[in-house]
Amino acid sequence: MHVFIPSFYTLTPPLTNGHSELLLSYWTMLWMSQIENGATFVKVDRIYNTKDNSPALLFQDDGGGMDPERMRKCMSLGYSSKTSNTTIGQYGNGFKTSTMRLGADVIVFSRSNRSGRATQSIGLLSYTFLRRTGQDDVIVPMIDFDISDNWAEPIIYSSKDDWSINLKTILEWSPFASKDDLMLQFGNLGSHGTKVIIYNLWMNDEGIYELNFDDDHEDIRLRDEANHGTTTKTIKKVLELKSHLSYRIRFSLRAYASILYLKKFTNFKIILRGKPIEQFSIADDLKHTKTVVYNPHVGQGLKEVTVKTVIGYIQEAPALGVCGFNIYHKNRLIRPYWKVTPDGNSRGHGVVGVLEANFIEPAHDKQDFERSTLFLKLESKLKQMVNEYWKGHCHLVGHHQPLPDGRKSYDVSGNAYRNSANHKAATAGTEACAQPEKLLNAAALNAIYDENIQLFMRCEEYKKKQAEMTQTIEELEKELDETRKKCARVSSHLGIQRKETLKQQQ
């Protein structure tokens, strides 16, 4: 028995440069749900395709596994059983999308014991197979076994011939040459668990694998084009920035996974290339922290919810200008280091925040949030947080308020300025808190934020009305077309009746 996915389902092509964080997030989808499924670990490693010795990705867990029905739902488009308010991933496409972002083909082995029946299943989702055989629909061959009596008895749904065809297809297009090779893959799964092997990994335009397994044998990375060979001061500054976590999460799976979850695991670990990933708390690593409470009103009943944001300076401040908010949703990181201050403005440099925003909905790819009114209000609030925190705390990291004319002042390095003229020249256009406040007051800013939100809501209402009017016009045109057809049929019928009446009169 195999699964058909309609032809409108487009298999995902390889990523282009500039989508590194998106790629990292896709493979985290492969293990996210396993925590809810009772798994105590997920292993991620590089293995080799035995047919051509090319690298492949292995994901393995000891969760509850999937019985034949769940296996088909997992590998079908648009199905999701997740309705819990504590989990994300309710679109039903995460597995298919995540695997196809990493490689062209994936084979899944799963063993389960539910309702007193022990089963093991194998499924193949192969872009290579579909492309080379010219399939119009996405066909996913699967085979299942009943292992309740300690031997593998094939489960036949339609006919033995269909089961054999599926097995033949899997053997031809997977890394395994025989049925025995397939069965060996269940050897280290225990009584329940799942193993996912992604092979024919994508390559970049230069014909090099997009994933880098060689630079760090305890990590899986994306190819980094940074120049590590020069030693000028400018490059050293760049290297300092690139060594920070906010940059490393762009290319390092180990770094990205270390901050992926807000709360630390109690009975679960991610083992990357043989070494467990150590979870890292961004909030705990900040200095001069402050907790800010935000109470948005959510839903039709305008229920008030409490959102706590921990805000502070990174340890490297003021030397590094890393800044932004790390926004989690239901424990999972959605937007890392989101910069809400304008580019070119040093106000807020070094200020980082952490919050869990369960009251807004993430976008489909889990890399952003839907642009709702609640999201826009949150964005405005975060901007306000940065401004207020900067005003009250910038002096703690060496940003001094201006001194009267003629007196010495100090820059962030502790160097004395000779006079007020030099001081003004040195500080012009740099540190915002070294200048007299020229910004609007909080009330005026809030008024502008509210006005922007109102304008956005009006635009959304106009778009909705336009869509409704377009739909109404289309419906009226259909009605008009149907009415014309009815009139034509009535006219034709009346014409026939007239002719018959004339014939009778003659």
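This report walks through a predicted model of a single protein chain, from its overall make-up to a few individual residues.

**The chain as a whole**

Let's begin with the broad view. The protein chain contains twelve helices and 19 strands. Of its 506 residues, 43% are buried. Among contacts with a separation of 6 or more, 66% link residues that lie 24 or more positions apart. The chain exposes about 27700 Å², and carbon and sulfur atoms supply 50% of that area.

**A five-stranded sheet**

A good place to look next is an open sheet built from five strands in the order β13-β16-β19-β17-β18, with mixed pairing. Its edge strands are β13 (287-294) and β18 (332-338), each of which pairs on one side only. On average, neighbouring strands of this sheet are turned by 15° against each other, direction ignored. Helix α10 (residues 373-393) packs on the sheet and touches β13, β16 (307-313), β17, β18 and β19. The direction of α10 makes about 145° with that of β13.

**Strand β17 and its two partners**

Strand β17 (residues 324-329) runs parallel to β19 (residues 351-356), and five bridges join the two. If you would like a pair to find on screen, Tyr 328 has Glu 356 as its bridge partner in β19. With β18, the pairing of β17 is antiparallel and rests on four bridges. Here His 329 has Arg 332 as its bridge partner in β18. β17 and β18 form a hairpin with two residues between them, and Lys 330 in that turn has a positive phi of about 50°.

How many of the six residues of β17 are buried? The count is six of the six, so β17 is largely enclosed by the rest of the structure. In a regular strand, side chains alternate between the two faces of the sheet. Both faces of β17 are covered: Gly 324, Asn 326 and Tyr 328 are buried on one side, while Phe 325, Ile 327 and His 329 are buried on the other.

**Two helices, α4 and α5**

Helix α5 (residues 160-173) has 14 residues, which should span 20 Å at 1.5 Å a residue; its end C-alpha atoms are 20 Å apart, so the two values agree. The buried residues of α5 are Trp 163, Asn 166, Leu 167, Thr 169, Ile 170, Leu 171 and Trp 173.

Trp 173 also turns up in the surroundings of Thr 128, a residue of helix α4 (residues 127-132). Leaving aside neighbours within four places in sequence, Thr 128 is in contact with Ala 104, Asp 105, Trp 173 and Asn 200.

**Cysteines and a residue of α12**

For anyone thinking about cysteine chemistry, the model has zero disulfides. Cys 74 is buried, and Cys 323 is buried as well.

Glu 460 sits in helix α12 (residues 442-505). Although Glu 460 and Thr 373 are 87 residues apart along the chain, their C-alpha atoms are separated by 9.8 Å.

The table gathers the relative accessibility of four residues mentioned above. Buried means under 20%, which is why Cys 74, at 19%, still falls in that class.

| Residue | Relative accessibility | Class |
|---|---|---|
| Cys 74 | 19% | buried |
| Cys 323 | 12% | buried |
| Thr 128 | 9% | buried |
| Glu 460 | 36% | partly exposed |

Definitions and conventions
Residues are numbered from 1 along each chain as its sequence is written. This is a predicted model: local features need pLDDT of at least 70, side-chain atom pairs count only at pLDDT 80 or more; totals for chains, interfaces and linings use all residues. Side-chain values use heavy atoms; hydrogens and water are left out. Buried means under 20% relative accessible area, exposed over 50%, partly exposed in between (1.4 Å probe, protein chains only). Contact means heavy atoms within 4.5 Å. Accessible areas come from the Shrake-Rupley method with a 1.4 Å probe; for residues, only the protein chains shown count as cover. Two strands pair if DSSP finds at least two bridges between them. Axes are lines fitted to C-alpha atoms, for helices over the stretch in contact, and angles run from 0 to 180 degrees between N-to-C directions. A disulfide is a pair of cysteine sulfur atoms within 2.5 Å. The expected span of a helix is 1.5 Å times one less than its number of residues.
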